[in-house]
Amino acid sequence: MAVRDLLFEQDYDMGDQSVTFSLYREQDLAEVTVTLTYEFRQSGTEPVTCKRIFFPAKAEYKSPWLSWYNLICCSNNYGPIPVVSYMNAAVQNGKKLAATIYPDSADDYLRILAEVGDTYYCFPYHVQEYAFMLYISRKGTLGDYFDLDEILEIYESCDVHLARDKMLDYFGRELSWFGREEECPIELHNCLGDEELAVTGLLFGYPLESTVALIRKTIDLRE
């Protein structure tokens, strides 16, 4: 029987009650399943499974810039309730390379811009929809933080074939380029294309194995 390991838990205050999200990992031979559950503590109900992610064990990849926490708790695309306070400081705290962040007010917006100064790239993003959204990233390129050959090898081992020339181009771009909508063709919040998904996952700090599952369409959503 596969051993189920708890990766982390996150509590949220819902006002009249709290909910706990838990993320588990279990492996059966060469296949891994990561399961997200939620449970309303006060009601005494059983945990409910809301997401399962399946991928080969050989897809697992360690990096200080990638984590399940970034994916599950701080992603507008995948997270149950994004932790804005974490997300707004994740780049500055060395948790990921880039993020789109959401200041609470004009004062908060100006405070963040003043605090990051010239240490990071930080500028307005997608202003036509969000008045105070910012794109923030470290300086350098993806190639400064990840080994492209190693990344491509992992994807190939999982039968995901990425175009090397396109990946080389993306890996050579300064990280600020991905936040400039007039230049970068990738829609960061709604990207299409395997290479684009792979790059956005690295940029926003999502586990490589979860992006493998996304491209392979082996994510079971039960929300």
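Two strands count as paired here if DSSP finds at least two bridges between them. With that in hand, let's walk through this predicted model, starting at a sheet. Three strands make up an open, antiparallel sheet, and their order is 5-7-6. Strand 5 (98–101) and strand 6 (121–124) stand at the edges; each has a single partner strand, so one side of each is left without a neighbour in the sheet. On average, neighbouring strands of this sheet are turned by 15 degrees against each other, direction ignored.

Look now at how strand 5 meets strand 7 (residues 134–137): the two run antiparallel and are joined by 4 bridges. If you would like a residue pair to find on screen, take Thr-100, whose bridge partner in strand 7 is Tyr-135.

From the sheet we can move on to helix 6 (residues 164–171). Which of its residues are buried? They are Met-167, Tyr-170 and Phe-171. Around the axis these residues cover an arc of only 95 degrees, which puts them on the same side of helix 6. The general background is helpful here: an α-helix has 3.6 residues a turn, so residues three or four places apart point the same way. Among the elements that cover the buried residues of helix 6 are helix 4 (142–145), helix 5 (148–157) and helix 7 (194–204).

That brings us to the nonpolar interior. In soluble globular proteins, nonpolar side chains tend to be buried together. In this model the largest nonpolar core has 62 residues, and those that touch the most other members are Leu-142, Phe-146, Tyr-155, Phe-178 and Leu-203. Helix 7 gives the most to this core, with 6 residues. Leu-142 is a good place to pause: leaving aside residues up to four places away in sequence, its contacts include Tyr-170 and Phe-171, two of the buried residues of helix 6. Leu-97, Val-199, Leu-202 and Leu-203 are also among the residues that Leu-142 touches. Apart from the largest core lies another, of 10 residues, including Val-91, Tyr-109, Cys-122 and Ile-136.

Finally, what about the cysteines? With a cut-off of 2.5 Å between cysteine sulfur atoms, the count comes to 0 disulfides. Cys-158 is buried, at 1% relative accessibility. Its closest cysteine sulfur, in Cys-191, is 18 Å away, too far for a bond. Cys-184 is in no disulfide either, and the nearest cysteine sulfur, again that of Cys-191, is 9.7 Å away. Cys-184 is also buried, with a relative accessible area of 5%.

Notes. Residues are numbered from 1 along each chain as its sequence is written. This is a predicted model: local features need pLDDT of at least 70, side-chain atom pairs count only at pLDDT 80 or more; totals for chains, interfaces and linings use all residues. Side-chain values use heavy atoms; hydrogens and water are left out. Buried means under 20% relative accessible area, exposed over 50%, partly exposed in between (1.4 Å probe, protein chains only). The arc is that of the directions from the helix axis to the C-beta atoms. Contact means heavy atoms within 4.5 Å. A nonpolar core is a set of buried Ala, Val, Leu, Ile, Met, Phe, Trp, Tyr and Cys residues joined through side-chain atoms within 4.5 Å. Axes are lines fitted to C-alpha atoms, for helices over the stretch in contact, and angles run from 0 to 180 degrees between N-to-C directions.
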